[in-house]
Amino acid sequence: MTRRFLESRDLQHLHQALVQAGYEVIGPQVKDDAILFAPLNNVDQLPWGWQEQADAGSYRLQHTAGRRAFAWNTGPQGLKPWLFQPRQSLWRAENTEDGLCFRAVEPEPRQLAFIGLRSCDLAALKIQDQHFLEGPHADPFYRAQREQLLIVAVNCGRSAHTCFCVSTGDGPEAHFGFDLLLDELDDGYLLQTGSELGVAIAAQLPLKKTSRKQVTEARAWLAGARHQQRVMPGEAELAQLVDRLDHPRWQQVADRCLACGNCTLVCPTCFCSKQETEGDIRNQQAEQVQLWDSCFSEQHSYITGKVVRSEIRHRYRQWLVHKLATWQQQFGRSGCVGCGRCIAWCPVAIDLVEEAQALLEDTPPEGKHG
């Protein structure tokens, strides 16, 4: 479908079309001094005029003079909490007169339509799909919810100081993974479709012909968003991190790192988890649950009476080398999509890009390659 124009005043028609199609609409809103995704009852709840000012260890919102709903780039979460849930019940057991009875937990997906996802979020979704859907052991809970998902993505019209998606090849423009895609202008949106479902939704909207001026303006905003101050080294360079396992930089960053796991929690591609058993006080019922975990947790590397990575430098090294280097062996690409969330939400302002550059620019100790 050729791009068409939707006036700002008609954005509510998009919301109505999604609701009428049976979707619960999830959209960005200002909550707890951040941009968070939450159920969206109407487009008035969108963060009109708000944008983030992000830097290493810093995230603040400010209200700009303009009236745009998508002038921001990212908040602390995207799709991950909705598909790879922080807590997922796997199975239940009950102590009955006939003995212990096990019961399967069936997926309970909801029809969800997300408005406002960015190209980095779509790149992360593709990686999550590879992990949870491909291979011999697909996750039934992830699959069930993934099949009920509709995505209205938005191209970025600016980049935050923490963004580096250009150097990872994941932005600021979306090329895949969306049903509808918007370019935001001051008076409305250029809209294009990316699926048959998107075509059906677009057919219900009061769209107008797009002018050459609007197309030129949208391209100019995208061009501006491509100017980013952080540049992640290329994947061939990042693969060399496996030869820097004994570099003194690991201890330098460990002296600052709190091992809090914030970087893994806000990262849209991290998927570490653990399983625990929860029971009632009468010991009559038990539930096996899967919980988010982090490789920064000391217990995450516990194996048969031994913690393999007892020091913070080892845990930070595991995260960075896996994310940027060995991930390429698993998924054919780095596990970083350049969203910059880990930089902004690190309480001690550790910069992933800066650390990768330092490790690759410095000469490793002679004779030590891990």
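This is a short tour of a predicted model, stop by stop, for you to follow in your viewer.

**Stop 1: the two domains**

Start by colouring residues 4-226 as domain 1 and residues 235-360 as domain 2, which is how the domain assignment divides the chain. If you place a marker at the C-alpha centre of each domain, the two markers sit 25 Å apart. Where the domains touch, domain 1 contributes 42 residues and domain 2 contributes 40 residues.

**Stop 2: the interface**

Next, show the surface where the domains meet. How much area do domain 1 and domain 2 bury between them? The total is about 3,500 Å², and 57% of it is on carbon and sulfur atoms. To see who gives up the most on the domain 1 side, select Lys80, Ile127 and Phe164: these residues lose the most area to domain 2, and together they make up 18% of what that side buries.

Now switch on the side chains and look for charged partners. Five salt bridges turn up across the interface of domain 1 and domain 2. There are also 25 residue pairs in polar contact across this interface, counting pairs where both residues have pLDDT 80 or more.

Which helices and strands should you highlight on the domain 1 side? Try β4 (50-55), β5 (58-63), β6 (87-96), α2 (80-83), α3 (119-133) and α5 (165-168), since each of them supplies at least two of the residues there that touch domain 2. Colour that side by class and you'll get 19 nonpolar, 15 polar and eight charged residues.

While you have side chains on, select Arg333 and Asp170 as well. Their side chains meet in a salt bridge, with 2.9 Å from N to O.

**Stop 3: Gln328**

Stay with Arg333 for a moment, as it is one of the residues in contact with Gln328. Click on Gln328 itself and you land in helix α11, which runs over residues 312-331. Is Gln328 buried or exposed? Its relative accessibility is 19%, and buried means under 20%, so Gln328 counts as buried. Leaving out neighbours within four places in sequence, its other contacts are Glu235, Leu238, Ala239 and Ser334.

**Stop 4: helix α13**

Helix α11 comes up again here, so keep it visible and add α13, residues 352-361. Seven of the ten residues in α13 are buried, which leaves the helix mostly covered. Select them: Leu352, Val353, Glu355, Ala356, Ala358, Leu359 and Leu360. What do they pack against? Their partners are α8 (235-238), α9 (249-254), α11 and α12 (341-344). Then zoom in on the start of α13, where a side-chain oxygen of Asp351 comes within 2.9 Å of the backbone nitrogen of Val353.

**Stop 5: Ala104 and Pro107**

Jump back to domain 1 for the last stop. Ala104 is in strand β7, and at 59% relative accessibility it counts as exposed. Show Trp91 too: it is 13 residues away from Ala104 in sequence, yet the two C-alpha atoms are 4.9 Å apart.

Move on to Pro107, in the loop that links β7 (99-104) and β8 (112-117). Pro107 is partly exposed, with a relative accessible area of 28%. Setting aside residues up to four places away in sequence, Pro107 touches Pro140, Phe141 and Ala144. To finish, draw a distance from the C-alpha of Pro107 to that of Ile26: these residues are 81 apart along the chain, and your line should read 20 Å.

Conventions. Residues are numbered from 1 along each chain as its sequence is written. This is a predicted model: local features need pLDDT of at least 70, side-chain atom pairs count only at pLDDT 80 or more; totals for chains, interfaces and linings use all residues. Side-chain values use heavy atoms; hydrogens and water are left out. Helices (H or I, at least four residues) and strands (E, at least two) are DSSP runs, numbered from the N terminus. Buried means under 20% relative accessible area, exposed over 50%, partly exposed in between (1.4 Å probe, protein chains only). Contact means heavy atoms within 4.5 Å. Domain bounds come from an automatic or database domain assignment. Buried area is the accessible area (1.4 Å probe) that two parts lose on being put together, summed over both. A salt bridge is a side-chain nitrogen of Lys or Arg within 4 Å of a carboxyl oxygen of Asp or Glu. A polar contact is a pair of N or O atoms within 3.5 Å; within protein, one must be able to donate a hydrogen and the other to accept it, and residues adjacent in sequence count only if both atoms are side-chain atoms. Ala, Val, Leu, Ile, Met, Phe, Trp, Tyr, Cys and Pro count as nonpolar, Asp, Glu, Lys and Arg as charged, and the others, Gly among them, as polar.
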